[in-house]
Structure formats: C-alpha cells, structure tokens
Amino acid sequence: MDDRQFRTAMGKFATGVTVIATDVDGDVHGMTANAFMSVSLDPKLVVISIGEKARILEKIKQSQTFSVNILAADQQELSMIFAGQLKEHREVEFDRLDGKPVLNGAVAQIACDVSAVHLEGDHTLFIGRVTDIHLEDAEPLIFYSGKYRALAEEKAVTV
Ligand code: FAD
C-alpha cells in the first residue's frame with residue numbers, strides 16, 4: 001500500500017468542510033480541515049486532527065482554544081483561502097462566540113476549549129470541550145474524492 005492509495009481510499013469518505021480558527025493575543029489564524037468528528041455527548045467533546053507542518057498547530061497549543069466552523073455550500077472560497085489554495089491574501093472578518101473567533105455564515109460555529117492532546121504519527125489530535133454553539137439554516141459544503149460538492153435533493157420515488 002503506497003501513500004497515494006491510502007489518500008485515495010480516505011478521500012472516498014465524503015465529509016463536510018470546516019475552518020478551524022484560533023486566536024493568540026488577538027491574532028486570528030484559520031485552517032481548512034475535514035478531519036473533524038463528534039466524540040462524546042456527556043460531556044460534549046469533538047476531535048480535530050492537525051498535521052505536524054501546519055502553522056496552526058503551535059497556535060492552538062498556545063491558546064488552548066479553537067473554533068470549528070462547518071462551512072455552508074456558498075463558502076467554498078473560504079475553504080480555499082484557509083487551505084492556502086488562493087495566491088493572493090484575502091482579508092477575512094471573524095465574529096466571536098464565547099470569545100473564540102468564528103466565521104459568519106457557517107452552518108455551525110462550535111467554540112471549544114482544548115481538553116486533551118494526542119500526538120499520533122504525523123498528526124496531533126485535539127479533543128475539544130464544546131463551550132458554545134451557533135447554528136444557521138443553510139446547506140453544507142461537501143468534500144469528496146478531492147473535489148468540492150453540494151448536496152443534491154433526492155428525487156421522490158413514485159411507486
Ligand atoms: P497557513 O498555510 O499559514 O494558512 C492557510 C491559509 O490561510 C494561508 O493562505 C493564510 O493566508 C490563510 N489565513 C490564515 N489565517 C488567516 C486570517 N486570519 N485571515 C485571512 N487568511 C488567513 N490539514 C490538516 O492538518 N488537517 C485536516 O483535517 C485537513 N483537512 C483538509 C480538508 C480540505 C478540504 C483541504 C482542502 C485541506 C485540508 N487540510 C488539512 C490541509 C490544510 O488546510 C493546509 O495544509 C493548510 O494550508 C495548512 O494550514 P497552516 O496552519 O499551515 O496555515
């Protein structure tokens with residue numbers, strides 16, 4: 001099994017797209033991530049996985065807080081900005097939820113305090129204790145097989 005085969009297999013898992021954001025001394029940094037999942041209901045915990053080369057890694061370790069912003073279908077450009085896929089720098093404004101920086105228009109804004117950190121291979125897993133949530137009624141952006149997608153309405157089946 002080579003790296004490409006592993007990446008291709010993992011890409012077959014259709015996901016939403018999030019922007020993880022954190023704030024160190026008023027300096028907000030964001031990063032696009034789809035390695036996100038819910039962990040526990042009581043207490044309310046989520047997990048994110050951050051690569052060892054990502055600049056946001058040390059920032060989350062410093063701030064001990066982060067937000068997860070589940071992007072809406074019309075926020076593909078934000079995903080590209082925070083994945084470093086656009087050449088020119090774009091200014092992005094952040095709102096605040098429980099003091100954490102969050103993106104306006106996201107389907108869900110999830111504010112977290114770091115509750116545990118696990119180094120696993122070349123990624124670090126941050127377990128986040130959820131401190132607040134804000135929801136919007138919008139369709140999510142989807143990522144599958146390396147491409148951005150949108151949900152399609154299932155056609156009603158007539159029998
Ligand atoms: P940088 O490369 O420093 O920042 C990324 C970009 O965000 C830069 O262009 C920067 O200018 C911009 N930016 C940051 N803060 C701001 C701000 N305040 N205002 C405006 N622009 C800003 N990597 C993972 O580790 N885990 C994942 O789960 C993951 N999932 C991904 C899912 C998708 C769909 C994609 C496309 C990429 C994913 N990546 C993931 C890769 C990751 O997004 C990139 O490698 C990213 O560039 C690394 O971020 P960094 O912290 O090094 O930030």
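Which residue takes a positive phi in the hairpin of S9 and S10? Keep that in mind while we set up the view.

You're looking at a predicted model, so local features need pLDDT of at least 70 and side-chain atom pairs count only at pLDDT 80 or more, while totals for chains, interfaces and linings use all residues. Numbering starts from 1 along each chain as its sequence is written, and side-chain values use heavy atoms, with hydrogens and water left out. Helices (H or I, at least four residues) and strands (E, at least two) are DSSP runs, numbered from the N terminus.

**Stop 1: the S9-S10 hairpin**

Select strand S9 (residues 108-120) and S10: they run antiparallel, joined by 12 bridges. Two strands count as paired if DSSP finds at least two bridges between them. Click His-118 and you'll find its bridge partner in S10, Leu-125. Now go to the turn, with its 2 residues between the strands: Gly-121 is the one with a positive phi, near 60 degrees.

**Stop 2: across to S5**

Stay on strand S10 (residues 123-135) and add S5, its antiparallel partner over 7 bridges. Pick out Gly-51, which stands opposite His-123 in S10. Gly-51 is also one of the closest residues to the ligand, which is where we go next.

**Stop 3: the ligand**

Show everything around the ligand: 26 residues surround it, and the closest are Val-28, Thr-32, Ser-49, Gly-51 and Arg-55. Being near here takes a heavy atom of the residue within 4 Å.

Next, draw some polar contacts (pairs of N or O atoms within 3.5 Å; within protein, one must be able to donate a hydrogen and the other to accept it, and residues adjacent in sequence count only if both atoms are side-chain atoms). A polar backbone atom of Ser-49 is 2.9 Å from a ligand nitrogen. On the oxygen side, a ligand oxygen lies 2.9 Å from a backbone N or O atom of Ile-56, and at Ala-83 a polar backbone atom is 3.3 Å from an oxygen of the ligand. The protein buries 77% of the 980 Å² that the ligand exposes when taken alone (Shrake-Rupley areas with a 1.4 Å probe; for residues, only the protein chains shown count as cover).

Colour the shell by element: strand S3 (27-33), strand S5 (45-51) and helix H3 (76-82) are the ones that give two or more residues. S3 supplies the largest share, 6 residues. Recolour by type and you get 14 nonpolar, 10 polar and 2 charged residues, where Ala, Val, Leu, Ile, Met, Phe, Trp, Tyr, Cys and Pro count as nonpolar, Asp, Glu, Lys and Arg as charged, and the others, Gly among them, as polar.

**Stop 4: two loop oddities**

Just before S3, zoom in on Asp-25, in the loop between strand S2 (18-24) and S3. Asp-25 has a positive phi of about 50 degrees although it is not a glycine. Then move to the loop between strand S4 (36-40) and S5, the place of Pro-43. The peptide bond joining Asp-42 and Pro-43 is cis, with omega about 5 degrees.

**Stop 5: the three-stranded sheet**

Finish with the open antiparallel sheet of 3 strands, in the order S1-S11-S12. Strand S1 (15-16) and strand S12 (147-150) each have a single partner strand, so one side of each has no neighbour in the sheet. Strand S11 (residues 141-144) is joined to S12 by 4 bridges. Look for Ile-142 opposite Arg-149, then Tyr-144 with its bridge partner Lys-147. Last click: Ser-145, in the hairpin of S11 and S12, takes a positive phi near 50 degrees.
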